[in-house]
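Here's an informal walk through a protein model, written for someone who likes to check the geometry. Have the viewer open and follow along.

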Amino acid sequence: MNRILLSLCALMLSASAANAQKLLSSSVQVSKRNVVTAKAGNIQLRDLTAPVQVKANKSLAPQKLNANQKSVGVDGSGSMVTSVGIPNIVAQGGTVKGAYNLMDASLLARYAGGKIVGMRYLIGAELGSSAKVQLYNCDKDGMPELFAEKEAAQKVSTYDSKKKTYNEEWNEVYFDKALNVSDVVTGLFVGYTYKQKTTQSGGQYTEACFPLAAGQGSGTVAVYGDLGKGTAFYSLNTGGLVLCIQVIVEKEGGFADDLGMVGVATIPMSRPTDKLPFQFYVKNYGSSECKAASFDITIDKQVVANVAIPEGATIGGETTGFNASLNLSEYDIENGTHLLGVQVKTVNGEAASGYTDDDVAATQFRTYTETASRQYNLLEHFTSSTCTYCPKGYDMLRALQKQRDDVAWVAIHGTMDENKPDPYEIADATNTILAYSIGGFPQANLNRYPVTNDGNLAVTIATDDPEGMATSIGNVFDQIDEIVPSQVRLDIETNFNRLNAISDGTLKITIKGTGVKGAGKILEDAVLGLYITENGLVSGQLNGGKWVTKYNHENVLRVIGTENPWGDAITWNGDNFEKTYEVSISADYFEDSNNTFNAVAFVSLPFMFEIDGKRYVNGGKNNVWVNQCQFLQIPEGTGTAIKGVETSENATVVARYAADGSQISAPVKGINILKLSDGTTRKVVVK
């Protein structure tokens, strides 16, 4: 059982409780109640096409709901995986009065004509004698106004240590008045008031300190109270957790058969002659089980196939995943970026009808024939000077650099304790890549590829086995290279000058991209990133609960060299590109004459993109991976980096070896070393 302790560094949204507050997301960090460092074997690449089926607990469908009622909540709110609390905030003088999920109005759009009559929720401990369930309706500006409240029922869900699951006890409360779904303009705050306990025993928090039941999902969680800067709504980044709270929607005549697409997953790159495996995820919003359904499969919005759910399968109220595949050789597909879509066609033998806005889901995949060898792997390391476990991450990264010479390590610093700002934090990184990627410190992005399935792009790197984890991460890098092989080679040319010991440094840097055949199409939406890092910095660091005044901070990000911190759009000239930057390096950064600077250039898919002139953050973390990276320690005067010049076309495996060097005729579990027909070798991990 792993309870979560939410940290104090929440973002205050307004200084006054007298005015309604508009909720915005923040980059709050979450620390576990009992911190367990990662083990070497934990860093494993997740399979993007592994089918996912949410298994309902026995109490998931509450018996009290009538046939004309449905429970509606954000993803993950229907099943409890842990309990959370913020006793540390209260212990430091803060007050907490309530906790809420923010539900966007779009979640209720399909229930037009219905009305919200109550709420259902789970709790991990009693909320206090005066606790009340509350429903806030947000106006057109996102300002919440209290619509209804009722005394809270308080059946507590307990943890079964043998089964390692929660015995879920759902509380259902009905309001004295109903809210028409049509009156929900922008969204709802759905939650309850409670008193956060601060009791401690032997330095450990008691069970009562973690009353908020939470599930694994995506969404905004808010608390209301005074967290040190005035009474207000505060938003929390809970590391992929949401509260187990839902509204009860009632509709005369019940809910007709209606399926909604939740998502599609496939491998990010494929040769046009291969089979393309994929999974699609669907949810039933009707009153009865769906026992038959068919779906159109599309490539670039053209229907190419139709599939039906297997005989005997059903689709209920929880997300259900199905496997499928397409033989791409049957279609005339050019190299480049394509859209794989799945659309609901029939439900229980009838054409899809009712709410159809979510009947289609799609994802990208890219086809290629040639590859370029990987030059460097980008490792974005997230750390903080007041993070007591961060030195464990440093130990692992130092071990990794001893094992491999193809890792471009970039340490991106953030502030954990507002009273002790990190001296190396830069706002451009904090507000973009750091906030987008992590759920806590120390963590790291591995070529920005989604390694785990916890909702974060980054993985935890604090470990008691630095060498073992370094080996695991190295294996993951090799697997990523197999899954998203490079399509472009990067060369760096620099000219670095400084007039005198007190002047700023001026760096002129040119990045040249030489792509394989079709690279301009395959990576047509890619962006160019540029980091300038510094070695030799020495300052304070919390380490195992003790403050170390002189700690060596390596590969510290000093400057984001691109005009857009998310990365600059690439202008392709066929399959090649070239971009020159002039970067100023502050004189304040030259703390020691022995310090060195590095340039890290990389091509990745965009975190941010534009549609019709509006800018959006890419919510699909499966499609922000780094395709190529280059590294150069910047010398005085001129310098170049041209590591990695080979390309391959249709390379095949000509020999296979086990980790001990013995030749094998077929894959075996563990590390396999492949010798390819183009003369290159690759390591892969066979599970």
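## A histidine to start from

H381 counts as buried, because its relative accessibility is 0%. Keep in mind that we're looking at a predicted model. H381 sits in strand β31, which spans residues 377-383.

Who's around it? Setting aside residues up to four places away in sequence, H381 touches Y394 and L397, then the run W409, V410, A411 and I412, and also Q443, A444 and I461. Two of those names come back below: Y394 and L397 are among the buried residues of helix α2. For a C-alpha check, try H381 and H413: they're 32 residues apart in sequence, and 8.2 Å separates them in space.

## The whole chain

Zooming out, the protein has five helices and 52 strands. It runs to 687 residues, of which 54% count as buried.

The contacts reach a long way along the sequence. Take the ones between residues at least 6 apart: 75% of these join residues at least 24 apart.

## Where α2 meets α4

Now for a helix pair. Helix α2 covers residues 390-403 and helix α4 covers 466-483; their axes come within 8 Å and cross at roughly 60°. That angle makes α2 oblique to α4. As for handedness, the α2 and α4 crossing is right-handed.

Which residues do the touching? On the α2 side they are D395, M396, A399, L400 and Q403, and they meet P466, E467, M469, A470, T471, I473, G474 and F477 of α4. Sorted by class, this contact has eight nonpolar residues, three polar ones and two charged ones.

## Each helix by itself

α2 passes a simple length check: at 1.5 Å a residue, its 14 residues should span 20 Å, and the end C-alpha atoms are 20 Å apart, so the two figures agree. The buried part of α2 consists of C390, P391, G393, Y394, M396, L397, A399 and L400. What lies over these buried residues? The cover includes α4 along with four strands: β31, β32 (407-413), β38 (537-543) and β39 (546-553).

α4 gets the same kind of check. It has 18 residues and reaches 26 Å from first C-alpha to last, close to the 26 Å expected at 1.5 Å a residue. Of those 18 residues, 14 are buried, so α4 is largely enclosed by the rest of the structure.

## A leucine beside the start of α2

One of the covering strands, β38, holds L542. Buried or partly exposed? L542 is partly exposed, since its relative accessible area is 22% and the cut-off for buried is under 20%.

L542 also ties together distant parts of the chain. Its C-alpha is 8.1 Å from that of P391, although the two residues are 151 apart along the chain. Leaving out neighbours within four places in sequence, L542 is in contact with S385, T386, C387, T388, P391 and W547. P391, you'll recall, is one of the buried residues of α2.

## Loops worth a look

I438 is in the loop between α3 (427-437) and β33 (443-446). At 2% relative accessibility, I438 counts as buried. Its C-alpha lies 7.8 Å from the C-alpha of F382, with the two positions 56 residues apart in sequence numbering.

If you're scanning backbone torsions, two non-glycine residues have positive phi. K301 has phi near 70°, and its place is the loop between β24 (293-299) and β25 (302-308). N555 has phi of about 50° and belongs to the loop between β39 and β40 (556-560). Their accessibilities contrast: K301 counts as exposed because its relative accessibility is 69%, whereas N555, at 4%, counts as buried.

How values were computed. Residues numbered from 1 in each chain as written. Predicted model: local features only at pLDDT ≥ 70, side-chain atom pairs only at ≥ 80, totals over all residues. Heavy atoms only, no water. Axes fitted to C-alpha atoms, helices over the stretch in contact; angles between N-to-C directions. Parallel < 35°, antiparallel > 145°, perpendicular 65-115°, else oblique. Left-handed = near helix turned anticlockwise from the far one by under 90°. Contact = heavy atoms within 4.5 Å. Nonpolar A, V, L, I, M, F, W, Y, C, P; charged D, E, K, R; others polar. Expected span 1.5 Å × (residues − 1). Buried < 20%, exposed > 50% of the residue type's maximum accessible area, 1.4 Å probe, protein only.
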